[in-house]
Amino acid sequence: MDQSPQTSSQPAKGERIRLTDLPVGTAGRVCDLEGEANVCARLREIGICESAVIERISGQHTLLCQLCGTRIALSDSAAKYIMVERLNGQKPKG
Amino acid sequence: MRPPVYALVGTPNCGKTTLFNALTGLNQKIGNYPGVTVEKHEGTAYSQHGQPMTVIDLPGAYSLAARAPDEAVLRDVLLGRRADTPQPDRIICIVDATNLERNLYLVHQVLDLGRPVILVLNMMDLAARAGLRLRLGRMEQTLGLPVIPCVAINGTGLLELKLAMSRHDLPLSRHNWDVPAPIAAAVTELQASLTNHDGKPPLIARAEALLLLTDRDSVRVAGSTPLHPRTAEILRQWQQRWAAEGTDWAEMLVNARHRSIARLCANLVEHPGAAPTGRSASDRIDAVATHPWWGWVVFIGVMAAMFFSIFTLAEYPMNWIDGRMAALADGVKHVLAPGDLRDLLTNGVIGGAGAVIVFLPQIMLLFFFIGLLESTGYMARAAFFMDRLMGRVGLNGRAFIPLLSSHACAIPGIMSTRTIEDKRDRLTTILVAPLMSCSARLPVFLLMIAALVPGDRVPVVTKVGLILFMYTLGAAGAFGFAWLFKRTLLKGAPSPMILEMPPYRVPALPAVVRQMWERAWAFLGSAGTVILGISIVLWFLTAYPKAPAGATPGAQLAQSYAGRAGHLLEPVIKPLGFDWQIGIGLVTSMAAREVFVSTMGVVFNAEGGKKDTTPLREALRQATWPDGRPLFTPLTCFTLMIYYVFAMQCLSTLAVVRRETGSWKWPAFQLAYMTGTAWIVCFVVVNTGRALGF
């Protein structure tokens, strides 16, 4: 098989990444919250806790996400604490 | 026997206020929790037997862990920590039925309190439309409490709720969940101490123990009973032990709670196969409203339409109020003989009250539009857009609404900073809010533009352009100082914005109008009384000591205490091109900026009010320095406008800042930095202008 260089920088399905690195239009399952305790506590209270499914809809500095049918605006400084496992993605070309 | 007290509790955007208004109607009163700037909404509902029931609408929150003063009040009232508010006998928890699992976290904590609870599932119509089926009977059985389906906006379920509230025998919940084993010992020990030393009933003590163990940044507010030293020591020891072990006990507890809620919902919520697919109406609107480019078009369009409406629609009632105040003053002059009493009533009382009331239409319209945007769900989108810009100066998108409100008047803007969680962000917003040009500056700008531009009529483009320039300058100043304060005095990274964006809804106009009245009344109460008092004091300063009989009003003003203050001020303001007569105007406009116009009228012996500036304009153009040089040159007029952009000239705003910050330090600092900035900027402008030959 031709080993052409990997051209896609898209995270693969199942790969653990920060929410800020999740491509727009894809969903991820929250696997952990890593960061400032206060912010993580706040995220959990609003429903962004382990095993919740969150979809990134748009935005760079401030992310627009969807969680259980509700839209939530998150500053990137909060979103970077959310570790997700990508749910629907494509493997990088190899 | 006192009527039973119900607390109404829920997350933001669940329809709590709509339900409160539906339950209590006009039988409401709004006050403040003593010692803390959080509004207290209390009302009376009536049982099926006609017995009164007190309902307290507590601030909305996602959890009992408090990060802001209003959330601290919610926690303290439910835990019985406030001496000024009785612990509620019963609690009504209202949740958004379309998102039950996400909204049950707060309810789960409330059920720990061991008080009778009624669970209200609101927005059942939207839940049905989303294809959700909630097993209400099973929910009642599992939780052991009444569950009332409701659509608060149209009153569906209200009768059933009142019937439930009327019951004498409301059961306690069968709520039970497993605290993680490593924490159970801490909960038990803390609970025992809270019971023995703090006098809490056992179930409340357990709920409070759980909260203390998860509450990392426990906000304490005035009026909240502190913990017994022994209890505080137990808490500290456990926290230290876990910190040494590296155990994140708070995360463990929160996750355990979420697992309990998930298990509950698995049996109670069904998604029968035929759930609607495709984008909802909200999704389709958001595709434009939150688009990186089209979103800005929508945002600017909405803001422009809002301000255009405020400044045009308000003109009619403002003119009417102006006319009525003038008629009232004339009536008093007609009835009373000339003298101090007549002057006090016409210039002090009526003039002072008029200075507040005349801006009420603009303020009410602003509150109306803000309430309308909040009610439709768009305001959250506006905060989303502004978050990036605010982040550049160290604030987050939530600061946008107070700054926006300050364009009508800084006082309601400053009061609305109560929703900002981070203390430094809140203080920064309070300090810079008065730089957003308020309505009171407009009469000064209009007078100066009339004096500055040659000819009888000022071209509209010139007028709008200059006013827009001044507004932009003020906003730039606000953002600039916010940037500076967040890097120096109030150093800290911008607090992250975590904001739920509600679905778009048709606005509930009765609720919006009611909120408009409440906010306007709060403004009148806080600002109106202060302005009136200051106006009377300033009247005294302009009326005494008396000039010899036969002196003109201008001569009286010149040798009054205010006039002497103007003379004293002259060495300081002369470098800016201002003389002692303008100085008097700067002193009197501390009551309200627009008083500058009427003061100039008196100083230069010109008739005419804020609208008809022709005689005053002519008088200003003819005014001179003692050596014959014109006083109100175009450069002086321009400089004076800039002075009013930056200077802090509203004592009532300072009084409100004092109340909101709980200290005189911050209003004093605000007065110093704003007035100092005004002086420096005007000095630069006037000298640059002179160098360029103006």
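## A guided tour from helix α2(B) to the contact between the chains

Begin by selecting the buried residues of α2(B) in this predicted model: Pro69(B), Asp70(B), Glu71(B), Ala72(B), Val73(B), Leu74(B), Arg75(B), Asp76(B), Val77(B) and Leu78(B). The helix spans residues 69–78 of chain B and is mostly covered, with 10 of its 10 residues buried.

What should be displayed next to see what covers the buried residues of α2(B)? Select β1 (5–10) and α3 of chain B, which are included in that cover. Then step just past the end of α2(B) to Gly80(B), where the backbone adopts a positive phi of about 70 degrees.

Now widen the view to chain B as a whole and colour it by domain. The domain assignment gives domain 1 as 5–166, domain 2 as 181–270 and domain 3 as 529–691. A distance drawn between the centres of domain 2 and domain 3 of chain B, taken over C-alpha atoms, comes to 57 Å.

Turn next to chain A. Its 94 residues are 39% buried, and its secondary structure comprises 2 helices and 6 strands. Followed from the N terminus, these elements of chain A appear in the order β-β-α-β-β-β-α-β. Of the contacts in chain A with a separation of 6 or more, 66% are between residues 24 or more positions apart.

With both chains shown, select the contact between them. Chain B contributes 31 residues and chain A contributes 26 residues. On the side of chain B that touches chain A, at least two residues come from each of α3 (100–111), α10 (249–268), α16 (378–392) and β10 (498–501). Which of these elements supplies the largest share of that side? The element to highlight is α16(B), with 5 residues. Colouring the side of chain B that touches chain A by residue class shows 14 nonpolar, 9 polar and 8 charged residues. Helix α3(B) deserves a second look here, as α3 belongs both to the cover of the buried residues of α2(B) and to the elements of chain B that supply the side touching chain A.

Finish at the strand pairing across the chains. Select strand β5 (residues 70–75) of chain A together with β10(B): the two run antiparallel and are joined by 4 bridges. Which residue of β10(B) is the bridge partner of Ile72(A)? Centre the view on Glu500(B), the partner of Ile72(A) in that strand.

How values were computed: Residues numbered from 1 in each chain as written. Chains lettered and ligands numbered in written order. Predicted model: local features only at pLDDT ≥ 70, side-chain atom pairs only at ≥ 80, totals over all residues. Contact = placed C-beta atoms within 7 Å. Nonpolar A, V, L, I, M, F, W, Y, C, P; charged D, E, K, R; others polar. Pairing = 2+ DSSP bridges. Buried ≥ 20, exposed ≤ 12 C-beta atoms within 10 Å, placed from the backbone. Domains from an automatic or database assignment.
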